[in-house]
Amino acid sequence: MNKIKTFFKNSIFWLECARVYTLPITILSWLVIFVYSIKHHGNIIAGLIALIGIGFVHLATNLADDYFDYAILTKDDKFIQAAQECKCSYLKSNKATLSELRNVIILYLLLAALIGLILFLYSGPAVFGLALIGLLIAIGYQKLSTIGMGEIAVIIAFGPLMFEGVYYVMTKNFSLDAFILSIACVLFVNTILYAHMLMDFDGDECSHKTTLCQKFKTKKAALNFILFFYILSYIIISILAQNTGNYFYYLTYLTIPMVIDLYNSLNLYNKDKTTLPTIYPWHYPLDNWKEIKNTENAPFYFRFFYSRNIVTAFMLLTCIAILAS
């Protein structure tokens, strides 16, 4: 019994370290193409199995990012001072070692590989190529993010790779409309990562990370570029609506006021990291807010969670559009 309790305790600990709170966005992205595939007579069981594999790859990627970042953090005092307090906190507090972290990353990737094997046997050889691309992105994400390619990696992984991958394992075919849908959705998903990098602008600058935000040299210029992802997504979803005749896709425009609200909030953060704007009902849910709101990390987490909530709204509205067609 004690071994079982220890197993569950360790499992929960590593899920928290892997930022399991980011998993709902992956699930929502999957849900869009899952619903779309069902509308095209896809196999439900294959889609559900694919979700498990996608989840393990996502968590492994988060942990791998910490693994490589921590090596920089411990060597650069400026990075320690500029980085968010929560960054690699479980390593800094000695709750886990680098070797333990490495082992968990390998375990998650092996479990994802097992899922891939099952789908390979059911759906066909294309699964191998899709899984290989996913593995390369998971392992190389941190390196890609240091040269300003992190957003491209996310766009590929959470866009065409996931959407076409899920559609393929469910229908054994690929789809141009699914590809277009993937771009519209992943541009929204990418804003979460971009907002995170924008708020970590100083820490990344000290660690010599050349993120996309860093390429704009100033926080103001970097902030303005987030609008590019949102606007392009609205344009692409409009193209899909016109091509398919499904005008319910325009429901996603209901998120525009939230996008403007987030932009203004990030602008305040750029000027002062301690600012916490007035919180209204539409900003929720904010995870563990009672515990977080009085900490130094509250301004960061508020904006991070809100950017996630905007994506959640966009994805759910997209699912409604697909079901209504």
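Start by selecting Phe305. Leaving aside neighbours within four places in sequence, Phe305 is in contact (heavy atoms within 4.5 Å) with Tyr21, Pro285, Leu286, Asp287 and Ile292. This is a predicted model, in which local features need pLDDT of at least 70, side-chain atom pairs count only at pLDDT 80 or more, and totals for chains, interfaces and linings use all residues. Residues are numbered from 1 along each chain as its sequence is written, and side-chain values use heavy atoms, with hydrogens and water left out.

**Stop 1: Phe305**

Phe305 sits in helix α15. Helices here are DSSP runs of H or I with at least four residues, strands are runs of E with at least two, and both are numbered from the N terminus. Phe305 has 2% relative accessibility, so Phe305 counts as buried. The scale has three classes: buried is under 20% relative accessible area, exposed is over 50%, and partly exposed is in between (1.4 Å probe, protein chains only). Now add Phe174, 131 residues away along the chain. The C-alpha atoms of Phe305 and Phe174 are separated by 33 Å.

**Stop 2: the loop between α13 and α14**

Select Pro285, one of the contacts of Phe305. Pro285 is in the loop between α13 and α14. The peptide bond from Tyr284 to Pro285 is cis, with omega near 5°. Go on to Asn288, in the loop between α13 and α14. Asn288 is not a glycine, yet its phi is positive, at about 50°. Most residues other than glycine have a negative phi, and most peptide bonds are trans. Asn288 counts as exposed, at 56% relative accessibility.

**Stop 3: two salt bridges**

How many salt bridges does the structure hold? There are 2. The criterion is a side-chain nitrogen of Lys or Arg within 4 Å of a carboxyl oxygen of Asp or Glu. Side chains of opposite charge can pair when their charged atoms come close.

Select Arg308 and Asp287. Their side chains meet in a salt bridge, 2.9 Å from N to O. Arg308 lies in helix α15 and Asp287 in the loop between α13 (256-271) and α14 (289-292), so the pair ties together parts that are 21 residues apart in sequence. Arg308 is buried, with a relative accessible area of 8%. Asp287, at 23%, counts as partly exposed.

Then select Asp66 and Arg19. In this salt bridge, the closest N and O atoms are 2.9 Å apart. Asp66 belongs to helix α3 (residues 44-73) and Arg19 to the loop between α1 (2-17) and α2, so the pair links distant parts of the chain, 47 residues apart. Asp66 counts as buried, at 4% relative accessibility.

**Stop 4: Ser307**

Return to helix α15 and pick Ser307. Is Ser307 buried or exposed? Ser307 is buried, with a relative accessible area of 0%. Outside its neighbours within four places in sequence, Ser307 is in contact with Ile192, Ala195 and Leu262. Add Thr191: the C-alpha atoms of Ser307 and Thr191 are separated by 7.2 Å, with their positions 116 residues apart along the chain.

**Stop 5: α2 against α15**

Show helix α2 (residues 23-39) with helix α15 (residues 298-324). They pack at an angle of about 5°, with axes 10 Å apart. The axes are lines fitted to C-alpha atoms, for helices over the stretch in contact, and angles run from 0 to 180 degrees between N-to-C directions. That makes α2 roughly parallel to α15. Angles under 35 degrees count as roughly parallel, over 145 as roughly antiparallel, 65 to 115 as roughly perpendicular, and the rest as oblique.

On the α2 side, colour the contact residues, including Leu28, Val32, Val35 and Tyr36. On the α15 side, take Arg308, Met315, Thr318 and Ile322, among others. The contact residues divide into 12 nonpolar, 3 polar and 2 charged. Nonpolar covers Ala, Val, Leu, Ile, Met, Phe, Trp, Tyr, Cys and Pro; charged covers Asp, Glu, Lys and Arg; the others, Gly among them, are polar.

**Stop 6: the cores**

Select Leu181 and Tyr249. Of the 84 residues in the largest nonpolar core, these two touch the most other members. Such a core is a set of buried Ala, Val, Leu, Ile, Met, Phe, Trp, Tyr and Cys residues joined through side-chain atoms within 4.5 Å. Helix α9 (residues 176-199) gives the most to this core, with 17 residues. Not counting residues up to four places away in sequence, Leu181 touches Val32, Tyr36, Phe163, Ile237, Leu240, Tyr249, Thr318 and Ile322. Another core lies apart, with 19 residues, among them Trp14, Ala18, Ile105 and Ala138.

**Last stop: Lys172**

Select Lys172, in the loop between α8 (150-171) and α9. Lys172 has a positive phi of about 65°, although it is not a glycine. Lys172 is partly exposed, at 42%.
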